[in-house]
Amino acid sequence: MRTQRIVWQGIQSLGTNKTRTFFMMAGTIVGIAALIVVVAFGKGIETKIMEKVETFGPRAIMLIAGGGKNAPPDMTVTTLTLDDAQAIREQVEDVEIVTPMAWRFRINMKYKDNQNEAVLWGVEPSWHEAWSWYAVEGDGITDQDIATMARVCVIGQTIKRELFGNSNPVGESIYVNKVRLTVKGVLEKRGTSPMGGDFDNRIIVPITTAMRRLLNVDYVGAIRIITKDTELMPQQIKKIRALIHARHHITPPEEDDFRIASPVLIARMARGTSRTLSILLIALAGLSLLVGGVVLMNILLISVAEREKEIGLRRAVGATRGDIHLQFLAESLTVTCIGMFAGCGLGVLITLILKQATKVPITLSWEPFVLSLTFALMVGLFFGVQPARKAAALNPVEALR
Amino acid sequence: MIEVERLEKTYSTGGLATPVLKGVSFHIDKGEYVAIMGTSGTGKSTLMNILGCLDKPTAGHYGLDGTAVGSLDDDALSSLRNRKIGFVFQQFHLLERATAMRNVMLPLIYAEEYPEDAEEMAERALTAVGLADRRRYRPNELSGGQQQRVAIARALITDPEIILADEPTGALDRKSGLEVMAIFKKLHEQGRTIVLVTHDRGVAEHAQRIILLKDGRVAEDRAVEERRDPDVELNTLGAGEDDG
Ligand SMILES: Nc1ncnc2c1ncn2[C@@H]1O[C@H](COP(=O)(O)OP(=O)(O)OP(=O)(O)O)[C@@H](O)[C@H]1O
Ligand SMILES: [Mg+2]
């Protein structure tokens, strides 16, 4: 077909000067690559956030001792108490579970010759339900255990493996902080946290045992609250904050001695940094496409001037204005389309490298590729039209002189 | 074949009107070999561009092969150039990066129907100008004379009604010029219509007929009494030198 032959003339002229062609497509390559990365990155972040929310508990509010925004729990803060938990239970409506937790990181335990270091949580029986985390061997913590300050514990899968290997731990005794505890159960496997920690390297004991016998404290590390209705969460958080303020005699400009975490806050925090990065990448993509388009246009304009004689000759041997227009448009569209493919390749490559390097669960999907094609065609058309018009408008007599 | 009646062309640059052609009339029949002569600036190229449908006259009538060119739009003119006219320029105007073959085939790209035997047609055209063995050469690998012969092959490939040559020997040395004229002679003998523009009487006298332009008008239009023969001249030229 005649049209195809003319389009092919445009494509062929790209092969004659490869450096020029490269500069024509550089902007498109960078722009599209940035686009691919930003979408993959955004999707990955979103997946990660969902994961975090899921682990945190979509219906959970955590009241954690110690101020600060995102600091690790501060073990030295002594102001959060069992009475605070009781006050929440009594005064905040529509909460299903309020369960306080005393905790200590890096606590040593021993069984025969085996040693292990793990996280210790002192919990109430409702802890199991609040985290949907139950004993798969033996039993969990019971009211009886709390009441009697029982010297018992329930261990995570990692502790079981480290201390007991393949033998059955239930009924055996281990030493934790020189206190002898009987293993009454083993928690189900939870795997690694989104932050990379090991959920299963954990030992839980009755909260009374933990506070009196093991840690000798009269305060707790955190209180976990499960709401009946996620819609109510914002008001409930407000209420809890006010309640603790009152109970701890804090008037707001004063710094809090606690912080509250919720799925919404967790998601917002996780998005925070990634959003700036995304905006930066989107700006880079847009800027590259724009600058690339302008460069493309200028190179084409120069090439129209350089190829005046060629254009005049083509007109003399029978090319119409439309044919010349089509040839130059085909040239710019081909440039941006090849640039798009190269950019997609580069983008996928960068994505895979980032995935290896950062452990962010970057997710490739088809949407950005469709988007890229649209952008490539748009840039090619938008910035190709003017040079094509200029070429087509040349007077053949003057072009040939 | 070509009917030119009271053709006028006036350029207007910056409000200043420059009349170049002031009523030119002549007819050229099919199979004629005509030279248009005149001193520099008399409007030979201007006339040639009009004959080649690259430019339009300001006034007057131009009929090509029964078509009134003045009534055609730009696209129709392009199509007409493609089908009926073969151009040969003083500066050859070959595509620098394309081989002789591709240069010769260029007009076919703009034809309505791409012939199936395009390659053979190009080879035949190159053979007709004696360059069958140079089909893969690029312009910078060819001499000026050879480049002009490639350009003639390009003009021939669409089997046009007329060949229009504006100073085809202007950029060539005498020998290459004569070789080009020998090709025109052969093409004329095969029945082609050739219109040649030159300011050189020696070149013009290879044609059958000379139209002399002067001051925007036809000053003289007569048959050449003693036509020159490029083949004979090439022979005498060859006898005078060592053949290279
Ligand atoms: N586009 C134009 N605008 C204004 N004047 C022009 C234009 N083209 C040609 N002219 C003028 O028309 C006249 C004829 O020009 P043309 O090129 O036809 O002459 P020519 O006979 O081919 O001369 P030469 O032998 O030098 O090639 C010249 O005076 C030239 O300045
Ligand atoms: Mg001229």
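Into which domains is chain A divided? Keep that in mind as you open this predicted model and begin the tour.

**Stop 1: the domains of chain A**

Select residues 2–51 together with 268–400 in chain A and give them one colour: this is domain 1. Then select 60–228 in another colour, and you have domain 2. If you place a marker at the C-alpha centre of each domain, the two markers will lie 57 Å apart.

**Stop 2: a link within chain A**

Next, show the side chains of Arg59(A) and Glu96(A). They meet in a salt bridge, with 3.2 Å from N to O. Arg59(A) sits in the loop between helix H2 (18–56) and strand S1 (60–65), while Glu96(A) belongs to strand S2 (residues 95–111), so this pair ties together parts of chain A that are 37 residues apart in sequence. By the same rule, the count over all chains comes to 35 salt bridges.

**Stop 3: where chain A meets chain B**

Now bring chain B into view. Here 22 residues of chain A are in contact with 24 residues of chain B. The area buried between the two chains is about 2,200 Å², and carbon and sulfur atoms give 59% of it. To see where chain A loses the most area to chain B, select Arg5(A), Leu313(A) and Val317(A); together they make up 28% of what the chain A side buries.

Which residue of chain B forms a salt bridge with Arg315(A)? Select Asp74(B): the closest N and O atoms of this pair are 3.1 Å apart. Between chains A and B the count is two salt bridges, and there are twelve residue pairs in polar contact.

For a wider view, colour helices H1 (2–16), H10 (308–316), H11 (321–358) and H13 (396–400) of chain A. These are the elements that give two or more residues to the side touching chain B. By class, that side has eight nonpolar, six polar and eight charged residues.

**Stop 4: ligand 1**

Finish by selecting ligand 1, which lies between chains A and B. The residues around ligand 1 include Arg401(A) from chain A, and Thr13(B), Val20(B), Lys44(B) and Thr46(B) from chain B.

Three distances are worth displaying here:

- From a nitrogen atom of ligand 1 to an N or O atom in the side chain of Arg401(A): 3.2 Å.
- From a nitrogen atom of ligand 1 to a polar side-chain atom of Tyr11(B): 3.5 Å.
- From an oxygen atom of ligand 1 to a polar backbone atom of Gly41(B): 2.9 Å.

How values were computed:
Residues are numbered from 1 along each chain as its sequence is written. Chains are lettered from A and ligands numbered from 1 in the order in which they are written. This is a predicted model: local features need pLDDT of at least 70, side-chain atom pairs count only at pLDDT 80 or more; totals for chains, interfaces and linings use all residues. Side-chain values use heavy atoms; hydrogens and water are left out. Domain bounds come from an automatic or database domain assignment. Contact means heavy atoms within 4.5 Å. Buried area is the accessible area (1.4 Å probe) that two parts lose on being put together, summed over both. A salt bridge is a side-chain nitrogen of Lys or Arg within 4 Å of a carboxyl oxygen of Asp or Glu. A polar contact is a pair of N or O atoms within 3.5 Å; within protein, one must be able to donate a hydrogen and the other to accept it, and residues adjacent in sequence count only if both atoms are side-chain atoms. Helices (H or I, at least four residues) and strands (E, at least two) are DSSP runs, numbered from the N terminus. Ala, Val, Leu, Ile, Met, Phe, Trp, Tyr, Cys and Pro count as nonpolar, Asp, Glu, Lys and Arg as charged, and the others, Gly among them, as polar. A residue is near a molecule or strand if one of its heavy atoms lies within 4 Å of it.
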